[in-house]
Amino acid sequence: MFNLKIFKSGIVFYIDKYEKLDTLFKEIDNKMHDIRQFFDDSEKIMIKIENFKEKIHDIPKIIEKFESYNLKVKGILTEHYDEKETPIKREEDKETTLIIIKNIRSGQKLNHTGHLIIVGNVHSGSEIIANGSIVIFGQCSGIVRAGIKIKPSYILALSMNTPLVQIGEVKHQVNNNYKNPVFIYEKGGKLFFDEFKKEEEL
């Protein structure tokens with residue numbers, strides 16, 4: 001259920017498919033009890049979750065769990081990540097991941113040179129911009145611009161009702177209100193929206 005791999009460029013914790021969050025946390029506690037002495041304080045790690053789409057609502061709690069062991073989560077790897085093609089970036093690289101745990105309110109503008117993870121809501125009238133991918137663990141009603149310099153990049157939000165999204169040079173006026181998690185990516189000069197609906201909605 002829970003394992004880790006150490007690469008030259010970083011540490012990745014792998015989480016296989018699981019049913020209950022409590023069961024996963026017990027597995028993490030047992031594993032960390034055995035290996036905690038091998039980590040320095042504020043060690044930076046990446047997380048790869050096997051059933052990412054199904055467990056997306058658990059990710060903020062999983063991040064908190066690792067941070068309780070003084071492990072800094074600098075990125076979330078999805079099933080679209082390819083270790084052979086896309087190496088994990090070192091902290092000194094410009095493509096670092098910034099994690100912000102707060103709401104982005106109306107009138108605020110946030111700009112980051114790497115990837116951006118927001119644990120909170122992005123309110124209407126705000127704007128977030130990142131050179132890389134943007135992941136929002138909350139409702140997004142503000143303008144989102146991703147992939148300004150880093151290719152490929154994507155946008156992921158738990159729900160979305162925003163007037164405009166942009167990936168790279170491709171802009172898209174959003175007319176739909178996505179009440180479920182939505183994954184946005186660019187292909188062939190167009191933006192595609194994959195909504196992860198609950199089983200009872202299908």
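Which residue in β3 is the bridge partner of I11? Keep that question in mind while loading the model, which is a predicted one, and colour the protein chain by secondary structure to bring up its 2 helices and 15 strands. Of the 202 residues in this chain, 51% count as buried, and among contacts with a separation of 6 or more, those between residues 24 or more positions apart account for 33%.

**First stop: strand β2**

Select residues 10-15, which make up strand β2, and display β3 (43-49) with it. The two strands pair in the parallel sense over 5 bridges, and the partner of I11 in β3 is I45, which settles the opening question. In a regular strand the side chains alternate between the two faces of the sheet. Turn β2 with this in mind: G10, V12 and Y14 lie on one side, I11, F13 and I15 lie on the other, and all of these are buried. Strand β2 is accordingly mostly covered, with 6 of its 6 residues buried.

**Second stop: F13 and its partner ring**

A search of the whole structure finds 5 aromatic pairs. For the pair formed by F13 and F66, select both rings: their centres are 5.0 Å apart and their planes stand at 50°, an angle between the limits of 30 and 60 degrees, so the pair counts as tilted. The pair links distant parts of the chain, since F13 belongs to β2 whereas F66 belongs to helix α2 (residues 59-67), 53 residues apart. F13 counts as buried because its relative accessibility is 0%, and F66 is likewise buried at 0%.

**Third stop: the core around these rings**

Expand the selection to the largest nonpolar core, which has 35 residues and in which F13, I15, I47, I62 and F66 are those with the most contacts. Among the elements that each supply at least two residues of this core are β1 (2-7), β4 (71-77), β9 (134-140) and β11 (154-160), while α1 gives the most, with 6 residues. The core draws at least three residues from each of domain 1 (2-77) and domain 2 (97-195).

Centre next on I47, which, leaving aside residues up to four places away in sequence, touches F13, I15, I62, F66, V73, G75, I76 and L77. Apart from the core just visited lies another, of 25 residues, including A130, I134, I184 and F193. In soluble globular proteins, nonpolar side chains tend to be buried together.

**Fourth stop: an aromatic cluster**

Select Y154, F183, Y185 and F192, which form one aromatic cluster. Within it, how far apart are the ring centres of F183 and Y185? Their centres are 5.8 Å apart with the planes at 35°, so this pair is tilted. F183 counts as buried at 6% relative accessibility, whereas Y185 is partly exposed, with a relative accessible area of 25%.

From Y154, move to S133, which touches Y154 as well as H115, L116 and S153, again not counting residues up to four places away in sequence. S133 is found in the loop between β8 (127-130) and β9, and its relative accessibility of 7% is under the 20% limit, so it counts as buried.

**Last stop: a charge over a ring**

Finally, select K55 together with Y18, where the charged end of K55 sits over the ring of Y18, 4.7 Å from its centre.

Note on methods
Residues numbered from 1 in each chain as written. Predicted model: local features only at pLDDT ≥ 70, side-chain atom pairs only at ≥ 80, totals over all residues. Heavy atoms only, no water. Phe/Tyr/Trp six-rings, centres within 6.5 Å; stacked < 30°, edge-to-face > 60°. Helix = DSSP H or I, 4+ residues; strand = E, 2+ residues; numbered from the N terminus. Buried < 20%, exposed > 50% of the residue type's maximum accessible area, 1.4 Å probe, protein only. Lys NZ or Arg CZ within 6 Å of the ring centre and 35° of its normal. Core = buried A, V, L, I, M, F, W, Y, C linked by side-chain atoms within 4.5 Å. Domains from an automatic or database assignment. Contact = heavy atoms within 4.5 Å. Pairing = 2+ DSSP bridges.
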